[in-house]
Amino acid sequence: MKQVVLRIDDAAFEKFMGMVSLCPMVEVLNVCQDRDTKQTIDIYVAAAIREMRKMEAFRHPCDYAYLMTAFNEGVVKGLPFFYTPKDFLDYLRASDLDGLPGRTTIYDTIAKVKGKYPDWTFTDAPKASEVLRRKNIVKQFLSAFMRAQSRKSDGLSDKF
């Protein structure tokens, strides 16, 4: 099964829904307005990070910096761009996430990341297994983010 996210102009929405009704194998899971999108995405981000915490995916405080870097590279469409580690940490705190690293930890870690995800290299020359672990933080986030979207689509939003 595939999920597709579309942005449809208000003027075309009714025609689009008419076309969808002609396809019995297609189900509309969620409809939201642009103004709702940011808040919804913020919920998915927080849910994904909480899930990752339960899985103990964050081994070091600096691991959050890999998420900020990936967000800023547009790895997940619709996520905000953060100009500073403070902006990123404030964003996470606004979702009631605590136990976050300091700004300096994020800043220093970001400075070690070179290239574009998934082809990141690191100036601190970690072992291959550590390079893979760092990149997998982003993969784990993407998986958890998609699961959060699926739970929301399945009407399980109260688990957030």
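This report walks through a predicted model of a protein chain, from its overall layout to its core and its charged pairs.

## The overall layout

Let's start with the big picture. The protein chain has 6 helices and 2 strands, and if you follow the sequence along, they come in the order α-α-α-α-α-β-β-α.

Of the 160 residues in the chain, 33% are buried. The accessible surface comes to about 10,600 Å², and carbon and sulfur atoms account for 54% of that. As for contacts between residues at least 6 apart in sequence, 59% of them join residues at least 24 apart.

## Inside the core

The largest nonpolar core is made of 37 residues, and V45, I49, F88, F141 and F145 are the ones with the most contacts inside it. Four helices each supply at least two residues of this core: α2 (34–54), α3 (64–72), α4 (85–94) and α6 (128–153).

F88 is a good one to look up in the structure. Setting aside neighbours within four places in sequence, F88 touches Y64, L67, M68, F71 and F82.

## A helix with a buried face

F88 also turns up among the buried residues of α4, along with P85, L89, Y91 and L92. Looking down the axis of α4, you'd find these buried residues within an arc of 155°, so they line one face of the helix. Just past the end of α4, D96 has a positive phi of about 60°.

There are charged residues in α4 too. K86 and D90 sit 4 residues apart in this helix, about one turn, and their side chains form a salt bridge (2.7 Å, N to O). D90 also pairs with R93, with the closest N and O atoms 3.6 Å apart; these two are 3 residues apart in α4, again about one helical turn. K86 is partly exposed at 40% relative accessibility, D90 is partly exposed at 33%, and R93 is partly exposed at 43%.

## Salt bridges further afield

Side chains of opposite charge can pair when their charged atoms come close. In total, the structure holds 8 salt bridges.

Which parts of the chain does the pair R133 and D63 tie together? R133 belongs to helix α6 and D63 to the loop between α2 and α3, so their salt bridge links parts that are 70 residues apart in sequence. The N to O distance here is 2.9 Å. Both partners are tucked away: R133 is buried with a relative accessible area of 10%, and D63 is buried with a value of 0%.

Note on methods
Residues are numbered from 1 along each chain as its sequence is written. This is a predicted model: local features need pLDDT of at least 70, side-chain atom pairs count only at pLDDT 80 or more; totals for chains, interfaces and linings use all residues. Side-chain values use heavy atoms; hydrogens and water are left out. A nonpolar core is a set of buried Ala, Val, Leu, Ile, Met, Phe, Trp, Tyr and Cys residues joined through side-chain atoms within 4.5 Å. Buried means under 20% relative accessible area, exposed over 50%, partly exposed in between (1.4 Å probe, protein chains only). Contact means heavy atoms within 4.5 Å. The arc is that of the directions from the helix axis to the C-beta atoms. Accessible areas come from the Shrake-Rupley method with a 1.4 Å probe; for residues, only the protein chains shown count as cover. A salt bridge is a side-chain nitrogen of Lys or Arg within 4 Å of a carboxyl oxygen of Asp or Glu.
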